[in-house]
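Q: Please take a close look at one part of this structure, the interface between its two domains. How is that interface built?

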Amino acid sequence: MASKRVSVIVIGASHAGLAVSHKLLRQAPKASITLINPSDEYYFNISAPRFLVKPRSLLPNQYLYNISETFSEYPSGSFTFVKGLVTKIDYSNKSVLVATSEKSTTESDVISILFDYLVIASGSTTPATLGQGSLKLPFKATPFEDTRKAISEAQKKLEVAKRIVIGGAGPLGVELAGELAEASAEKIITLVSKSSSLLEGATETVKRTAESLLRRKNVEILKNVTVDQVQEDPETKSWMVTLSNGRIITADQYISTTGVIPNNKFIPTSFLNHDGWVNVDERLRVVEDGTSRSDTYAVGDITCLPYRLLSRVPLQGATIASNIAADIAQDARIATYSADAQKKMMVVPVGQSTGTGHLGRWTLCGFLVWLFKGKDFLTYKAPKFLRGKE
Ligand SMILES: Cc1cc2nc3c(=O)[nH]c(=O)nc-3n(C[C@H](O)[C@H](O)[C@H](O)COP(=O)(O)OP(=O)(O)OC[C@H]3O[C@@H](n4cnc5c(N)ncnc54)[C@H](O)[C@@H]3O)c2cc1C
């Protein structure tokens, strides 16, 4: 007689949820995985600075992929994809409630799924993604929103905008400034940095190189300045950007590249730290009121771990898959994850052909940045992340 399958629910099918699902399917033949996501497409958001600004540089099939197709290799019964949004976790019967449409009102629109193990991979969003105090740009997918439509609308707005202000000079702000300045010589770009340099956290050489590459592309750089207020005129749709140095810029578009917002509405508050991120221990088990749960894990941006980066996801995914697989097999082996043990890296293209960055203490020259990321904004790696092979 076949032994009973162990039910694992994974919430969120972006980089982190996909990594855990694939790795677990390869390691735990007794696991039956249900992956839940509001869209049936995987969105490789990493390349957004390139294709939002230069629509013809990358094709949609390089950054949008069908999720279910990539699971066809596994035995039947081992994987199910559910298109929907988890609205509640109920530990009284170990289930999640899933809304299958945006306005799920009738009982048939809300389904309940039972689990033995739960993995929370619901990630984060940004103010710009939601259009909060910024031009609305799909830096992440938004539940039940048509990502293709959001991309196309954003591309059109960026194409016609001449005067653009970017708030925030981290990697995303620098990448966007480089792409915009290169897209058209008629665009006038201002990049606002609250600190005395660009790319806070990078090495001094990398900070200086980013600044000089952008200045060569005629990007105006304001340092030690914050954006105090932004206002969009409802009629003209232009933006009034008030800076801390007293200057007011009227721009066709204002883009905020700062802020991360946890996708945590459905998560019990007892799992969250004071900023709304899920507390985890070194095995990536969720910590509730100081005690690690044996049935719930969290991975990727939604965790309290530092450095919310794609480059952190594969190792975290492998850690959780190993721990759940070992638990199912009643194997005492334990995998642990340390954010500090992972080498720090930053790779920032500044336009198509150059950029800057570092791997640990090694500075990357413009050619290496182009080779690793700038040439197609890492889309060559998207199929690997989609299949959990990174
Ligand atoms: C524009 C941009 C560029 C970036 N570039 C880089 C880079 O070059 N290098 C790098 O290392 N990192 C980069 N990052 C960071 C990287 O995008 C994140 O670290 C990564 O997306 C984290 O993946 P995740 O799967 O944890 O979360 P997310 O990508 O946020 O995905 C979460 C998923 O969960 C789904 N979800 C949310 N709520 C629910 C729910 N209630 N029920 C079901 N599903 C739900 C969402 O729809 C989504 O599909 C970039 C970020 C941005 C915004």
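A: The answer below describes the interface between the two domains. This is a predicted model, in which local features need pLDDT of at least 70 and side-chain atom pairs count only at pLDDT 80 or more, while totals for chains, interfaces and linings use all residues. Residues are numbered from 1 along each chain as its sequence is written, and side-chain values use heavy atoms, with hydrogens and water left out.

Domain 1 comprises 6-38 + 84-124 + 261-328, and domain 2 comprises 127-259; such bounds come from an automatic or database domain assignment. Ten residues from domain 1 and seven residues from domain 2 make the contact (heavy atoms within 4.5 Å). The C-alpha centres of the two domains are 32 Å apart.

The size of an interface is often given as the accessible area lost when the parts come together. Here the buried area (the accessible area, with a 1.4 Å probe, that two parts lose on being put together, summed over both) is about 610 Å², and carbon and sulfur atoms give 68% of it. On the side of domain 1, P38, E102 and I261 supply 60% of the area buried against domain 2, more than any other three residues.

The rule finds one salt bridge across the interface (a side-chain nitrogen of Lys or Arg within 4 Å of a carboxyl oxygen of Asp or Glu). A salt bridge joins K140 and D301, whose closest N and O atoms are 3.1 Å apart.
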